[in-house]
Amino acid sequence: MPTPQDQEAAGTDVGKDWRWVAGLGALMLAGCPSACTTEESSRPFHLTGQVGSRGADFAAALYQTTGVRMEPRNRIRWANNGAVFDVMVEEIGRARASINIVMFIWRPGRASDRMIEALSERATRGVTCRVLVDPMGSGPFEKEVKPKLEAAGCEAHMFRPLPADENLARNHRKILVVDGKVAVTGGLAIQDEWLGEARNEKEWRDTNARIQGPVVAQLQQAFAENWQESTGELLPATDFPTLSQGQPGLDEAGGGWAGFVSSTANPEVTRAERLTQLMVKAAKERLWISQSYFTPNDALMRLLVERARAGVDVRVLTPGDKNDQPAITLLQRATYDTLLEAGVRIWEYQPSMMHAKTMLVDDRLVLVGSINYDALSFNLLEEGSLVLEDVKAARELEAFFLEDVKRAREVHAERAAR
C-alpha cells in the first residue's frame, strides 16, 4: 500500500484515500467488534436491562456507562450545512482569550481560507490560537495551511504524525472551543464540500451545533487530552472558566441538561459504542437516526430490532448512491432486510452525501457529533458526541429529519431485495 506521502506526490486525494481505508476497515470489522481484541477477550459488549430516556434516570445511566455527568443550563443553536462556517467565524471573531480547534479534515479551499482569515485576525490581536488536525484526513494541511496559521501567530500541530500506515487510530473529533465558554461540534470538516445547502453532489448534508454552558468544559477537556498527547502541554486554568466561575453568559433558569462523551481506542469496548447502545436502549416511543456510515455491528443490530419489535418508532436516514464511500453503501444495504422485517423504516438521501451523525430519542433527548455506526468509530478512532436533553432542541431536530426525508427515497422490502 503506498504511503500518504506517495499518494500526495502523485496527486491522490489523501482524505478520500482515508475514506477508502475506513470503508475497508468497516468491511472487515462490521458486525464483529471483537475483531479488534485478542482471543482471550470477552464476548462483544451488549447493553441489557432498562434505560430511562429523561431526567435522573438517563443521567445516571449515562454516568454509569461513560463516566460523563449531565450538566444543567446549556443552550444549543443548530448550524447545519454551510451555516456552520458563519457560526464559527462569528464566534472566533468574539474570542478574547483562546481558540482551540481539533479537526479530522482540514483541506485547502474556500472554507479553509475563511477560517484562516478569521483565526489570523484574532491571533494578531493576542488571542491564543491552537489548531490540531489529523494528517490522514488532512493531507495538504501541513504544507499549505499550517504555515499561514503559524505566520499569523497560531500554534498548529499534526495529531500522531505520519508515516504510520498501519495505525488507523486517528482523530475523528470535530470541536471548536472559544474562550472556554462556547463550542461547536458535529459532523463538520474544513473542506469545501461542507459549504452550501446540500443542493447537489458538491454540497454535503450535515448537522452541527453551537453549544453554550457548563458542558463546554467537557468539550474543552476532549481537546485538551489530544493537545496534551501531541505537545505535552496543559491548557491554562483560564481555558476552563466554567469550573471556577459558574455558567458565564447564561441565566440561572432555562437551558437543557447536556454531556459530551469523548471516546478513544480500546481493545474491548469504547465509550462510543457504549453511548450508541445506551441511546438506542433509552428509546421508548421514538428513535430517529441520521447516520452517514451505517454499518451497525451484530449487537447494535439486535438492539435496533428489539426496539422496533417493542413498538418504538425506529427510522433510519442514510446516504444513497451519492455516498463518498461506495463500499459503505453496499454494507448498509446488507442490513435492510433484517431491519425492515422488524418494522424499521429506512430512507436513502438523494441530493448529495448525507454526512450527519444524529439521534433523536423520544420527545427530548438528542445526540449530535462525530460518532459513526461503524467498527472504526466503535474501536479505533478518537470521537466525541454531545448528548442534550431539551424539548426545543428535540423538536428542531425532528423538523430537520422530516425535511430530509422529503429529499430521500424510502426503502421498501421489494427494493431491498433487488
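**Close-up 1. Arg274 places its charged end over the ring of Phe45.** In this predicted model, 5.1 Å separates the charged end of Arg274 from the centre of the Phe45 ring.

**Close-up 2. Tyr63 has the charged end of Arg69 over its ring.** Here the charged end of Arg69 is 4.4 Å from the centre of the Tyr63 ring.

**Close-up 3. Trp194 and Trp204 form one of the seven aromatic pairs in the structure.** Their ring centres are 4.7 Å apart and their planes meet at 55°, so this pair counts as tilted. Both tryptophans sit in the loop between strand S6 (182-186) and strand S7 (208-212), so the pair ties together parts that are ten residues apart in sequence. Trp194 and Trp204 are both buried.

**Close-up 4. Trp288 and Phe401 bring together distant parts of the chain.** With 5.0 Å between ring centres and 35° between planes, the pair of Trp288 and Phe401 is tilted, because stacked planes would be under 30 degrees apart and edge-to-face planes over 60. Trp288 belongs to strand S9 (residues 286-291) and Phe401 to helix H14 (residues 391-406), 113 residues apart. Both Trp288 and Phe401 are buried. Step back a little, and Trp347 joins the scene: ring pairs link Trp288, Trp347 and Phe401 into a cluster.

**Overview. The protein chain holds 15 helices and 15 strands.** Of its 418 residues, 61% are buried. Among contacts between residues at least 6 apart in sequence, 81% join residues at least 24 apart. The accessible surface of the chain is about 16400 Å², and carbon and sulfur atoms account for 49% of this surface.

Notes: Residues numbered from 1 in each chain as written. Predicted model: local features only at pLDDT ≥ 70, side-chain atom pairs only at ≥ 80, totals over all residues. Heavy atoms only, no water. Helix = DSSP H or I, 4+ residues; strand = E, 2+ residues; numbered from the N terminus. Buried < 20%, exposed > 50% of the residue type's maximum accessible area, 1.4 Å probe, protein only. Contact = heavy atoms within 4.5 Å. Areas by Shrake-Rupley, 256 points an atom, 1.4 Å probe, with all protein chains shown as cover. Phe/Tyr/Trp six-rings, centres within 6.5 Å; stacked < 30°, edge-to-face > 60°. Lys NZ or Arg CZ within 6 Å of the ring centre and 35° of its normal.
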